[in-house]
Amino acid sequence: MADTKQEDIWTVGRILTWTTDYLKKQGAGNPRLDAEVLLAHALQKSRIQLYTMYETPLSEGQRATMRGLVKRRAAHEPVAYLVGHKEFFSLDFEVNQAVLVPRPETEILVMHAIEIARESYHDKPLSVIDLCTGSGCIAISVANTLPRATLVATDISTEALEVAVRNAKKHQVLERIDFRQGDLFGALAVHETCDLLISNPPYILTKDLEGLEPDVREHEPIQALDGGSDGLAIISTILRQAPKHINPGGFLLMEMTPELREPIDQLLKTSGAYGKTEWIKDYSGQIRHLRARLAV
């Protein structure tokens, strides 16, 4: 039997190099990272394990699995959907096309929620409402970090809530999070209040949706992105109705796009219900979050 030629052997190292080059040509933003995550998934290994396996050849079945994943990634399907999970606030979350892929900048909301709990409530039990919960990443991360907090998490999508419930079970916080289906405050009782209301609502202007990266535009749920013609369709409702559901002196934390700072500021002033407000920058220095405290 003739020896197999070295160039015919597809090792971990060779697959990583080829996939990185190919995805780079297809316009992937992080081709090497994508290649590593996809191959680790195909081999059912961790990314760290790959570094000790560079000379390990793949079986035909493993190669077939990897080919399928790379083909779908080249068509701009998000890596998180391909592997079925995404890390957020050091926790692993199930994701699929019913929910947005959690972003690093949204972790800033969780950090401020923790800061509010410790500085203003001194680790006393904190009641939290999370609107537009999606995968549940915000509510679950807060519950995981603040073991005495109780939360209500709402979403209009029953499919998204199914994902969120599974994530809450995985991280053993389901008993402290009441997941409810409904349109924003429609899922709450009329006089139901909290100490902290958090939301990462849809805020992209409808006209800007076509300009989003194809990974987002073609695969993530548009309902969770589209903020209407001015980006304020959901945000204005939240700002208007939130004071009825936040205890005096309580807080509102909300994600937004930097372009909406001025109109949101005007809505806050028009409301008259909010006291101190803070505009929080993301990791790139852009205004990304609002922290507002209700007047006492």
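Select Phe-88 and Phe-93 to begin: each of the two residues is buried, where buried means under 20% relative accessible area, exposed over 50% and partly exposed in between, with a 1.4 Å probe and protein chains only. The model is a predicted one, in which local features need pLDDT of at least 70 and side-chain atom pairs count only at pLDDT 80 or more, while totals for chains, interfaces and linings use all residues. Residues are numbered from 1 along each chain as its sequence is written, and side-chain values use heavy atoms, with hydrogens and water left out.

A search of the whole structure yields 3 aromatic pairs; rings of Phe, Tyr and Trp (for Trp the six-membered ring) pair if their centres lie within 6.5 Å, and planes under 30 degrees apart count as stacked, over 60 as edge-to-face and the rest as tilted. One of them joins Trp-18 and Tyr-22 in a stacked arrangement, 5.0 Å centre to centre with 10° between the planes.

Keep these two residues selected. Both belong to helix H1, 4 residues apart, about one turn of the helix; helices here are DSSP runs (H or I, at least four residues), numbered from the N terminus. Trp-18 has 44% relative accessibility and therefore counts as partly exposed. Tyr-22, at 28%, also counts as partly exposed. Returning to the opening selection, Phe-88 and Phe-93 form an edge-to-face pair, 6.1 Å centre to centre and 75° between the planes.

Next, display H1 (residues 12-25) together with H2 (residues 31-43): the two helices pack at an angle of about 135°, their axes 8 Å apart. Axes are lines fitted to C-alpha atoms, for helices over the stretch in contact, and angles run from 0 to 180 degrees between N-to-C directions. H1 and H2 are therefore oblique to each other, given that angles under 35 degrees count as roughly parallel, over 145 as roughly antiparallel, 65 to 115 as roughly perpendicular and the rest as oblique. Among the residues making the contact (heavy atoms within 4.5 Å) are Ile-15, Leu-16 and Leu-23 of H1 and Ala-35, Leu-39 and Leu-43 of H2.

Finally, add helix H4 (residues 60-74), whose axis comes within 9 Å of that of H2, the two crossing at roughly 140°. H2 is therefore oblique to H4. To view this contact, select Asp-34, Ala-35, Leu-38, Leu-39, His-41, Ala-42 and Leu-43 of H2 with Gln-62, Thr-65, Met-66, Leu-69 and Arg-73 of H4.
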